[in-house]
Amino acid sequence: MVLAILVVIWAAASKIADTPLAPGPVAVARSIAAGVRDGTIVRAFLTSAARLAVGYSLALVTGVPLGIGLARSRAVKQSLGPIVLGLSSVPSICWLPLAILWFGLSEWAIQLVVILGAALPVAVATENSVKHVPPSIERAARTMGARGARLMLTVTLPAALPGILGGAKIGWTFALRSLMAGELLFVSGGLGQLLETGRDLGDTALVLAVVVVIVALGRVSEALLFSRADRAIARRWGVESV
Amino acid sequence: MADPASAFPVPGRAGGESISLENVSLRVEAPEGMTEILRDASLRVGAGELVCLLGPSGSGKTTILNLVAGLAKPTSGVVLEGDAPVSGPGPDRAVVFQDAALFPWLTLRANVEFPLKLQRLERDARAARSEELLRMVHLWRFCDRYPHQLSGGMRQRGAMARALATDPAVLLMDEPFAALDSQTREILQGEVERIWSATHKTIIFVTHNVREAVRLADRVVLMGTRPGRILHEEIIDLPRPRAANDPRVASLANGIGRRIASEVEKVAREEADDAWTGPGGRGTGDPRRHLGGGI
């Protein structure tokens with residue numbers, strides 16, 4: 001409903017402005033349809049989605065163990081803790097030039113940016129939530145004979161899951177942002193590059209069309225990845241503690 | 001100093017000692033130096049005996065429980081289970097915690113089955129055992145609920161069922177009912193007595209509630225503070241099952257309560273003196289002050 005009103009206002013505004021710099025919703029929809037028909041938007045979407053999937057998975061695979069290490073090992077905390085804190089304050093896109101120097105204009109360069117962007121919030125959230133697992137939960141498990149990796153996997157991590165999931169969500173948006181910035185800055189397919197193409201051609205409708213697709217990518221992926229997990233956690237933990 | 005355990009013969013029912021502490025002390029590093037948590041505690045608990053550790057906060061009663069559970073190691077002295085020193089936690093000594101500590105991501109039933117899973121019990125055997133235990137604590141109807149959907153009293157019953165799952169020889173209960181309202185607490189005390197007489201477990205029950213201790217215990221071990229230590233033991237020779245409002249429970253509890261009150265008052269007075277003498281007066285650093293008098 002609110003969305004419909006906003007679209008109407010948008011249409012009216014672009015009518016009044018009457019300039020190619022402010023295309024209305026119809027023009028943008030037409031641009032999306034054209035992009036889907038000739039495959040440019042579809043290809044760009046698939047390229048970006050695949051990069052996100054790979055980069056984000058690698059970010060989880062590195063971020064969660066790093067967070068566990070930070071929470072549980074003095075050595076890890078003292079050696080890597082300051083680095084993680086320092087890196088978190090740098091927007092990950094700043095690493096792109098270095099990544100290009102290392103890996104050239106390759107997938108690895110852009111993946112490094114995505115992974116750095118997403119893994120750090122995941123690691124920080126994992127560290128915090130592992131630290132805040134109620135001690136009696138782990139003590140109870142130890143009295144039942146759980147130890148070591150088994151204790152971590154079957155008790156500590158499940159107990160920390162709500163917090164880790166929060167970090168995973170932040171990591172997801174960071175991954176998406178880093179990826180778009182990376183694709184804007186160097187040419188290699190993907191939605192970011194399509195944005196850049198739109199600018200080169202002065203095709204405002206295409207630029208807005210790609211923005212709409214990026215919003216859709218973010219919303220849909222979040223719904224697919226996180227809303228079920230959110231509901232499961234709300235059901236188990238009770239709503240008040242989420 | 002006379003060994004309190006030898007002065008008071010153990011009324012263990014099944015015979016033999018289940019748990020013994022011999023001259024156990026625990027000191028930990030604190031910001032202001034080494035702090036003595038427990039001093040020279042000796043205690044023998046017979047197999048099948050129900051012993052209550054009773055004392056104010058800081059008297060080391062939970063520490064004793066942690067030492068027996070294997071969650072803490074003594075600085076000196078030994079903790080034995082039977083003839084073997086306790087080297088770490090194990091499913092033969094189950095603990096019920098004050099906050100129940102049920103796992104929030106598991107249903108009640110899955111919580112009870114968790115320790116059985118760790119013991120690699122088959123699915124059918126786990127299901128049968130968890131049903132039996134949940135029926136025993138009257139929670140079978142709620143087996144598919146998550147802990148946040150249960151009341152505090154139900155969570156503690158669930159925690160008892162989980163603790164009993166591996167059929168431990170010793171059940172350690174750490175102020176399990178302290179956070180409950182008094183009606184629920186009395187009902188659960190009855191449950192503990194019932195489960196105890198049905199299963200013949202050795203139970204060490206920590207509480208700061210005098211009536212709870214007197215109602216449940218074969219023997220009450222009184223503990224004092226600064227440092228935490230065992231002061232005195234009292235055998236409770238009342239017939240069972242005991243009612244919560246039994247006047248004999250009340251009168252014994254009154255007597256023990258007065259002893260504790262004087263101990264707490266003494267500590268409070270010392271703390272007040274500290275506050276009034278201030279710097280230059282009797283410093284808090286003198287360890288002799290913390291000895292306290294025997295009662």
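Residues 1-14 of chain B keep a pLDDT under 50 in this predicted model, and yet the model has 28 contacts beyond four places in sequence for this stretch. Residues 277-295 of chain B also stay under 50; here the model has 16 contacts beyond four places in sequence. Where pLDDT is low, the predicted coordinates should not be read in detail. That caveat applies to a limited part of the chain: 86% of the residues of chain B score at least 70, and chain B averages a pLDDT of 81. As for the model as a whole, ipTM comes out at 0.77 and pTM at 0.77.

Next, the domains. Chain B is divided into domain 1, made of 4-92 + 170-278, and domain 2, which spans 103-167. Their C-alpha centres lie 27 Å apart. Where the two meet, 10 residues of domain 1 of chain B are in contact with 10 residues of domain 2 of chain B. On the domain 1 side of that meeting, helix α6 (residues 182-199) of chain B gives the most, with four residues. In character, the residues on this side of domain 1 of chain B split into eight nonpolar, one polar and one charged.

Then there is the largest nonpolar core, with 132 residues. The members touching the most other members are Ala118(A) and Ala175(A) from chain A, along with Cys52(B), Val68(B), Leu172(B), Ile204(B) and Val221(B) from chain B. The element that gives the most to this core is helix α6 (residues 107-131) of chain A, with 15 residues. Both domain 1 (4-92 + 170-278) and domain 2 (103-167) of chain B also give residues to the core, so it lies between them. Zooming in on Ala118(A), and leaving aside neighbours within four places in sequence, its contacts are Gly55(A), Tyr56(A), Ala59(A), Gly171(A), Trp172(A), Phe174(A) and Ala175(A). Ala175(A), one of these contacts, is itself among the core residues that touch the most other members.

Back in chain B, there is some sheet structure to look at. Four strands form an open sheet in the order β2-β1-β4-β5, with antiparallel pairing. Its edges are β2 (33-46) and β5 (84-85) of chain B, each of which pairs on one side only. For β5(B), the pairing is with strand β4 (residues 76-81) of chain B, antiparallel and over two bridges. At the residue level, Leu80(B) has Pro85(B) in β5(B) as its bridge partner.

Technical notes: Residues are numbered from 1 along each chain as its sequence is written. Chains are lettered from A and ligands numbered from 1 in the order in which they are written. This is a predicted model: local features need pLDDT of at least 70, side-chain atom pairs count only at pLDDT 80 or more; totals for chains, interfaces and linings use all residues. pLDDT is the predictor's confidence in each residue, from 0 to 100. Two residues are in contact if their C-beta atoms, placed from the backbone, lie within 7 Å. A nonpolar core is a set of buried Ala, Val, Leu, Ile, Met, Phe, Trp, Tyr and Cys residues joined through C-beta atoms within 7 Å. A residue is buried if 20 or more other C-beta atoms lie within 10 Å of its own, exposed if 12 or fewer, and partly exposed in between; C-beta atoms are placed from the backbone. Domain bounds come from an automatic or database domain assignment. Ala, Val, Leu, Ile, Met, Phe, Trp, Tyr, Cys and Pro count as nonpolar, Asp, Glu, Lys and Arg as charged, and the others, Gly among them, as polar. Two strands pair if DSSP finds at least two bridges between them.
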